[in-house]
Amino acid sequence: MSETRVAGAAVATPHQDLHSEQGALRGEHPGRSRNPVIKVADLAWLEFEKPDLDRAEVFALDFGFQIAARTESALWLRGSFAGTPCMVIRRGRASRFIGPAFRAAERADLDRLARATGSAVRDADVPGGGKVVALLDPSGFPVRVAHCAEQLPALPEQRPLLLNFGTQHRRTNATQRPPREPSRIQRLGHVVLETRVFSRALDWYLDTLGMIVSDFLFLDGQRGRGPTMAFIRCDLGSVPADHHTLAMHLGPGTGYVHSAYQVTDLDSIAAGGEYLNERGYQRSWGIGRHIQGSQLFDYWRDPDRFMLEHFADGDLFSCDIEPGWAPMSASGLAQWGPPVTRDFLGASPSPAKFREVLHALRGDNELDPARLLGLMKAMNS
Ligand SMILES: [Fe+2]
């Protein structure tokens, strides 16, 4: 039993009923560690590998990134906010996701983390330099925790539109003309990962990086077996943090599901979406508004079929909010929007998917026939 679960038995704080109908039952996972090694401050950037950096750059600009740095072997992408770059694409043989990098709150956290995990503090290969600790999470993803020497300066951004509401007229003698241009990305918001070892991976992120759970999802009728998805945020104390910086769910595969980038507002999502549509990119699902996290969302496929999300107006929680609990269902993904697509759910059957399921059911992991059936039911409910 992990430290996180032991802490769970002791937590008696009632659910604050602010963001979910249900809180935890007695003895359920508390969604945070009592004594984590460090508390990361944010997601810093995501690392990918692709064979063709020129092609990657064309999509990146169309999607709304700006170039932070470009070398022979790497393309660093950024948003308009000051801070770290939000993505690096390194030249490699295949198109693949490598792993996430988190931002340490302070330089000394890297030493603490390195000591606790038996790893080393190394120089970070990031524009402006810095230090990094390289770890491996229980799913097998390389996870970096970085402290950057320099912040990228802020860049000009799209201004939010001035909206008129009912009898509140803030805009008169002026028109509304959102520009038909790429949505200008402000920052990286979150990454979603699929894993065959969900509860081991969850406890690792809580115990090692000090992250805390905003919402748990469980399989209908199998709540007693614990959650199978978690929306996880950074613990910044009384400073509100994104509802989720990392989300993870149990599944037959191990891999990247999607990553999300904040833009100015709904018009930026919609006009930027039209821009992508006109250039022939494939929309996966949107536009809608989520339940867990409340974001306005729009999901797109890049030319290598990686899913990326534009989002705006997400929830921010301070450390006082306890996790919500809800059953997992496809219809529970949005408050409004078009019906969720099979493409978004990754539910299209294929020989590769079938092999993945067989492999997952045979291995030492948390997927079994009852849970597989529960996941399939959730996708259709
Ligand atoms: Fe998302």
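Hi everyone. Let me start with a definition: a residue counts as buried when its relative accessible area is under 20%, worked out with a 1.4 Å probe and protein chains only. Keep that in mind for a threonine later on. Please also remember that what we have here is a predicted model.

First, the sheet. Eight strands make up an open sheet with mixed pairing, and the order across is E2-E3-E4-E1-E5-E8-E7-E6. Why do E2 and E6 each have one side without a neighbour in the sheet? Strand E2, residues 66-70, and strand E6, residues 121-123, are at the edges with a single partner strand each, so one side of each stays free of a neighbour there. On average, neighbouring strands in this sheet are turned by 30° against each other, ignoring direction.

Let's look at the E6 edge. Strand E7, residues 130-136, pairs with E6 in the antiparallel sense, over three bridges. Val 121 has Val 133 in E7 as its bridge partner.

Now for a helix. H4, residues 198-209, lies across strand E5 (96-103), E7 and strand E8 (142-148), and runs at about 25° to E8.

And here is our threonine, Thr 195, which sits in strand E9, residues 187-195. Is Thr 195 buried or exposed? Its relative accessibility is 1%, so Thr 195 counts as buried. Its side chain reaches the backbone nitrogen of Val 197 at 2.9 Å. If we leave aside neighbours within four places in sequence, Thr 195 is in contact with Ser 139, Ala 201, Met 248, His 249, Leu 250, Gly 251 and Gly 253.

That's my tour, thanks for listening!

How values were computed: Residues are numbered from 1 along each chain as its sequence is written. This is a predicted model: local features need pLDDT of at least 70, side-chain atom pairs count only at pLDDT 80 or more; totals for chains, interfaces and linings use all residues. Side-chain values use heavy atoms; hydrogens and water are left out. Two strands pair if DSSP finds at least two bridges between them. Helices (H or I, at least four residues) and strands (E, at least two) are DSSP runs, numbered from the N terminus. Axes are lines fitted to C-alpha atoms, for helices over the stretch in contact, and angles run from 0 to 180 degrees between N-to-C directions. Contact means heavy atoms within 4.5 Å. Buried means under 20% relative accessible area, exposed over 50%, partly exposed in between (1.4 Å probe, protein chains only). A polar contact is a pair of N or O atoms within 3.5 Å; within protein, one must be able to donate a hydrogen and the other to accept it, and residues adjacent in sequence count only if both atoms are side-chain atoms.
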